[in-house]
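Q: Please take a close look at one strand of this model and describe its surroundings. A connected account would be preferred to a list.

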Amino acid sequence: MPNTYTQLHIQFVFAVKFRASLIHKDWKERLLKYITGIFQANNHKMIQINCMPDHIHIFIGMRPHQSISSLIQNVKTESSKWINDQRFCKVKFAWQEGYGAFSYSKSHVQHVIQYIQNQEQHHKKENFFTGVHQFLKNV
């Protein structure tokens, strides 16, 4: 898209099906790299990514050539297939239906990055739903 200028910062949050704690620390980093590659292959800029055993947070600079729903469908489909092909789980891995997508101004980017980087600390103090609600209230 020549002469198209955008600044779209989007955080995605979605969970493992049934909120099962299936993402194991032994293969977490490989998963994050794989998902980063999907976003990059779709010409979006990965800003920050992290996950807990039962959910994932992804923060990107999004290009306007693709809808949010088609992007997330692609990410969930490809990453589930990859996890199952790698046989990381004893049961079939799948992401839960639905997702959260939240947009942020440039002034909030650093705060979102820190929030995603510190997921382990956040979840020691509060559960997933309380944490997301509190984060959205403060931004």
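A: The account below follows strand β1 and then turns to the loop after it and to the largest pocket. The model is a predicted one.

Strand β1 spans residues 9-15. Seven of its seven residues are buried, so β1 is largely enclosed by the rest of the structure. The burial concerns both faces of β1: one side presents His9, Gln11, Val13 and Ala15, while the other presents Ile10, Phe12 and Phe14, and all of these are buried.

β1 has two pairing partners to consider. With strand β3, residues 55-61, β1 runs antiparallel, and seven bridges join the two. Within this pairing, Val13 has His57 of β3 as its bridge partner. With strand β4, residues 100-104, β1 also pairs in the antiparallel sense, here over five bridges. In that pairing, Phe102 of β4 stands opposite Gln11.

Beyond the strand, the loop between β1 and α1 (28-41) contains Asp26. Asp26 counts as exposed because its relative accessibility is 63%, over the 50% cut-off. Although 62 residues separate Asp26 from Phe88 along the chain, their C-alpha atoms are 9.1 Å apart.

The largest pocket, finally, has a volume of about 180 Å³. Its lining comprises Ile72, Gln73, Lys76, Thr77, Ser80, Ala94, Trp95, Gln96, Glu97, Gly98 and Tyr99. By class, four of these lining residues are nonpolar, five are polar and two are charged.

Methods:
Residues are numbered from 1 along each chain as its sequence is written. This is a predicted model: local features need pLDDT of at least 70, side-chain atom pairs count only at pLDDT 80 or more; totals for chains, interfaces and linings use all residues. Side-chain values use heavy atoms; hydrogens and water are left out. Helices (H or I, at least four residues) and strands (E, at least two) are DSSP runs, numbered from the N terminus. Buried means under 20% relative accessible area, exposed over 50%, partly exposed in between (1.4 Å probe, protein chains only). On a 1 Å grid over the protein atoms alone, a cavity is a set of points where a 1.4 Å probe fits but cannot get out, and a pocket is an open set with protein on both sides within 12 Å along at least five of seven lines; lining residues have an atom within 4 Å of a point. Grid points are joined across faces, edges and corners, and a volume is the space filled by probe spheres set on the points. Ala, Val, Leu, Ile, Met, Phe, Trp, Tyr, Cys and Pro count as nonpolar, Asp, Glu, Lys and Arg as charged, and the others, Gly among them, as polar. Two strands pair if DSSP finds at least two bridges between them.
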